[in-house]
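Keep the viewer open and work through the stops below in order. Each one gives a selection and says what to look for.

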Amino acid sequence: MTSWTRRSVMAAMGALPLGAARTGTAATGSWPSEPIRIVVPFGPGGSTDAVARLAAPGLQQRLGVPIIIENRSGAAGSIGTDAAAKARPDGHTWLLTFDSHALMPILVPNLSFDLEKDLVPVTQIGRAPYVTACQPAKPYRSMTDIFNAARRGGVSFGSTGNGTIGHLVMLMMAQRMGVELTHLPYRSGGLAVNDAVAGHVDLMIGSAALLAPHVSAGTLRPLMQLGSSRLPALTTVPTAMESGFPELTAEAWWGVFGPAGIPAPIVARFQAALIEAYREPRIAQQFQELNQAELVLGDAPALASFVQSQIRIWGGVARAHNVRPD
């Protein structure tokens, strides 16, 4: 498998600075000449879907064509990713995906595409710490309560799918505490949250971007956050490090990729449009304050390097626990 390096990605991008994306049709010809499709490899209602839809109006305004968000869920995100990777490399199909992207080669050994050869990185949009939460009617006030209950009997937790960082973190904590938790993977964050709010699962783990609105509305009670420090909206909720798990942090992240072979000027222009759309004051404020997430908006080499680090960090956890796709 070819490895992404800063040099190879910059070569693929034509080593264009961000400003080169602003040369308009002189650099990109007639692009875009039709609606742009952004494939989200998870179901509607989750954080990845929300992150994609947040930028759609700004992209449409800047690029002058309709922006279509297409949800194609299943198999740890590989179904939607496959569709994006095999799309025509003309700049009219892109992929906006979630943290399980980096673990697909481990979760789905017989992938019909190569993450590095068949996709070109565009930008990491942002990141948000994971949070555990339960329905307020549940008797749990802390993760200690969860682990004590697990020693007495079955305790279930929902996640946005096998192989997401949230799922792996729960496996790590359960192993360290010597308990078993029943995992209920969902095809989207929206479905997982709905069952958590209804009390059908004892515990939910999801990104702050997914859970913060429900915590604010009082329909979920946060128990622990997995960032390096407490979030502004969750100042009374301890971190994992404060809860007896030293050095344990876990963040969800979202990134954009395109099928390999897209002309470098088109990649650069789309990257610039994305960054401008997310930096709009109203959008940035919603992303950071309502969703308790941090904008990153780095360049393509930074995303490539980041994905490699995620493979190293979380790949061993997935292998150790023999994690497989939904």
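Select strand E8, residues 221–225. Five of its five residues are buried, so the strand is largely enclosed by the rest of the structure. This is a predicted model, so treat every value here as computed from it.

Keep E8 on screen and add E4, residues 119–134. Four bridges join E4 to E8. The two strands run antiparallel. To find the register, pick Val-131: it stands opposite Gln-225 in E8.

**Helix H4**

Next, select residues 78–85, helix H4. How many of its eight residues are buried? Seven are, and the helix is mostly covered. Colour them: Ser-78, Gly-80, Thr-81, Asp-82, Ala-83, Ala-84 and Ala-85. What do these buried residues pack against? The partners are E1, strand E3 (93–97), helix H5 (104–107), E4 and E9. E4 is the strand you have just paired with E8.

**E1, H3 and E2**

Move to E1, residues 36–40, and add E2, residues 67–71. Five bridges join them, and they run parallel. Ile-36 stands opposite Ile-67 in E2. Now follow the chain from E1 through H3 to E2: this β-α-β crossover is right-handed.

Step back to the loop ahead of E1. Pro-32 sits there, between helix H2 (25–28) and E1. Check the peptide bond from Trp-31 to Pro-32: cis or trans? It is cis, with omega near -5°.

**H3 against H10**

Select H3 (residues 47–63) together with H10 (residues 264–279). Two packed helices are described by the angle between their axes and the distance between the axes. For H3 and H10, the angle is about 115° and the axes are 8 Å apart. H3 passes H10 in a right-handed crossing.

Show the side chains in contact. H3 contributes Val-51, Ala-52, Leu-54, Ala-55, Gly-58, Leu-59, Arg-62 and Leu-63. From H10 come Arg-269, Phe-270, Ala-273, Leu-274, Glu-276, Ala-277 and Tyr-278. By class, that contact has 11 nonpolar, one polar and three charged residues.

**Phe-257 in E9**

Now pick Phe-257, in strand E9 (residues 251–259). Buried or exposed? Phe-257 counts as buried because its relative accessibility is 0%. Draw a C-alpha to C-alpha line from Phe-257 to Val-267. The two are 10 residues apart in sequence and 9.3 Å apart in space.

**E5, H7 and E6**

Select E5 (residues 156–159) and E6 (residues 182–185). They run parallel, joined by four bridges. Ser-159 has Pro-185 as its bridge partner in E6. Add helix H7, residues 165–177. E5, H7 and E6 together make a right-handed β-α-β unit.

**H8 against H9**

Go on to H8 (residues 189–198) and H9 (residues 208–217). Their packing angle is about 35°, with the axes 11 Å apart. The crossing is right-handed. On the H8 side, show Gly-189, Gly-190, Val-193 and Val-197. They meet Leu-210, Leu-211 and His-214 in H9. The contact has four nonpolar, three polar and no charged residues.

Stay on H9. Its buried residues are Ala-208, Ala-209, Leu-210, Leu-211, Ala-212 and Val-215. Leu-210 and Leu-211 are thus on two lists: buried in H9, and in contact with H8. Step past the end of H9 to Gly-218, whose phi is positive, near 85°.

**Two positive phi values**

Last, pick two residues in loops. Gln-292 lies between helix H11 (281–290) and strand E10 (294–295). Gln-292 is not a glycine, yet its phi is positive, about 55°. Gln-292 counts as buried because its relative accessibility is 8%, under the 20% cut-off.

Then take Leu-297, in the loop between E10 and helix H12 (300–320). Leu-297 is not a glycine, and its phi is positive at about 55°. With a relative accessible area of 7%, Leu-297 is buried.

Methods
Residues numbered from 1 in each chain as written. Predicted model: local features only at pLDDT ≥ 70, side-chain atom pairs only at ≥ 80, totals over all residues. Heavy atoms only, no water. Pairing = 2+ DSSP bridges. Right-handed = clockwise from strand over helix to strand, strands pointing away. Axes fitted to C-alpha atoms, helices over the stretch in contact; angles between N-to-C directions. Left-handed = near helix turned anticlockwise from the far one by under 90°. Contact = heavy atoms within 4.5 Å. Nonpolar A, V, L, I, M, F, W, Y, C, P; charged D, E, K, R; others polar. Buried < 20%, exposed > 50% of the residue type's maximum accessible area, 1.4 Å probe, protein only.
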